[in-house]
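Here is a short briefing to read alongside the model. Please keep the viewer open as you go through the points.

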Amino acid sequence: MGDSVSQPLSDEARWARLTDRQRACLDLLLERQTSKQIARALNISKPTVDQRLTAARAVLGAANRDEAALIYARLKLTYDRILYDPVQVPPGSAKMAVTAQDDMPADAVVLSDSAVASEGSPFRMIWRHDHGLKTRMLIMTVMLLVAIILILAGLGIAEALTRLVSG
């Protein structure tokens, strides 16, 4: 009849029925880790890992752990795809020379924060990410002083306008 036990689930339905926690255990199972290693990696108990893997085996219709791993690997290739936009490479990017120890292709493209700090900008050195603690403190102090000056100037303008309007 319409009994769900008698009819095998489709691959998509099986993938949808797996919980995130079961998938986390199955991902580590794919790496041939034991239940104890999976438990340590996920910071859970070994019986919890065994319970999740047993439930996942039931969802996948597998007889044992190895078969569950094989079915999960096949389903993961089909249904666990990362959706993303293609990378937009800036048109003015220069190619960089790469040494062999980096294991990068020789035609690698240098990407910079061109939207934030362009070559002609007088502030390009401020936006670097490798400033030391003293430099960071100096930048924050200057920014704070500029903010205080702007606030005081705004208050002065507001006071002048108030005097102009009131009398």
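Right after α3 comes Asn 43, whose phi is positive, near 60°; helices here are DSSP runs of H or I with at least four residues, strands are runs of E with at least two, and both are numbered from the N terminus. This is a predicted model, in which local features need pLDDT of at least 70 and side-chain atom pairs count only at pLDDT 80 or more, while totals for chains, interfaces and linings use all residues. Residues are numbered from 1 along each chain as its sequence is written, and side-chain values use heavy atoms, with hydrogens and water left out.

**Helix α3 and its two sides**

- Ser 35, Ile 38 and Ala 39 are the buried residues to look for in α3 (buried means under 20% relative accessible area, exposed over 50%, partly exposed in between, with a 1.4 Å probe and protein chains only).
- They sit on the same side of α3, because they cover an arc of only 100° around the axis (the arc is that of the directions from the helix axis to the C-beta atoms).
- The buried residues of α3 pack against α2, α4 and α5, with contact meaning heavy atoms within 4.5 Å.
- Turn to the face pointing away from that buried side and you will find the exposed residues Arg 40 and Ala 41.

**Overall make-up**

- The protein has six helices and zero strands, which gives the pattern α-α-α-α-α-α along the sequence.
- Of the 167 residues, 17% are buried.
- About 13,300 Å² of the protein is exposed, and carbon and sulfur atoms supply 61% of that area (areas come from the Shrake-Rupley method with a 1.4 Å probe; for residues, only the protein chains shown count as cover).
- Taking contacts between residues at least 6 apart in sequence, 42% join residues at least 24 apart.

**The nonpolar core**

- The largest nonpolar core contains 19 residues, and those with the most contacts inside it are Leu 18, Leu 26, Ile 38, Leu 53 and Leu 60 (a core is a set of buried Ala, Val, Leu, Ile, Met, Phe, Trp, Tyr and Cys residues joined through side-chain atoms within 4.5 Å).
- At least two residues of this core come from each of α2 (20–30), α3 (35–42), α4 (46–60) and α5 (65–79).
- In soluble globular proteins, nonpolar side chains tend to be buried together.
- Leaving aside residues up to four places away in sequence, Leu 18 touches Arg 23, Leu 26, Ala 56, Val 59, Leu 60 and Tyr 72.

**Cys 25**

- Cys 25 belongs to helix α2 and counts as buried, at 0% relative accessibility.
- With residues up to four places away in sequence not counted, Cys 25 touches Ile 38, Leu 42, Ile 44, Val 49, Arg 52 and Leu 53.
- Cys 25 and Ser 35 are 10 residues apart in sequence, and their C-alpha atoms are 8.6 Å apart in space.

**Salt bridges**

- The whole structure holds seven salt bridges (a side-chain nitrogen of Lys or Arg within 4 Å of a carboxyl oxygen of Asp or Glu).
- Arg 23 and Asp 20 pair at 3.9 Å, N to O; being three residues apart in helix α2, they are separated by about one helical turn.
- Within this pair, Arg 23 is buried at 17% relative accessible area, whereas Asp 20 is exposed at 61%.
- Lys 76 and Asp 27 form a salt bridge of 2.8 Å, N to O. Lys 76 lies in helix α5 and Asp 27 in helix α2, so the pair ties together parts that are 49 residues apart in sequence.
- Both partners are partly exposed: Lys 76 at 26% and Asp 27 at 25%.
- Glu 159 meets Arg 163 with the closest N and O atoms 2.5 Å apart, and both lie in helix α6, four residues apart, about one turn of the helix.
- Asp 11, Arg 14 and Arg 74 are joined into one network by salt bridges that share partners.

**A nonpolar surface patch**

- Leu 144, Leu 145, Ile 148, Ile 151, Leu 152 and Leu 155 form a nonpolar patch on the surface, with about 600 Å² of accessible area together.
- Patches take residues with over 30% relative accessible area and no salt bridge, joining like charges within 9 Å and nonpolar side chains (Val, Leu, Ile, Met, Phe, Trp, Tyr) within 5 Å.
- One of the patch residues, Ile 148, lies in helix α6 (residues 133–166) and is partly exposed at 39% relative accessibility.
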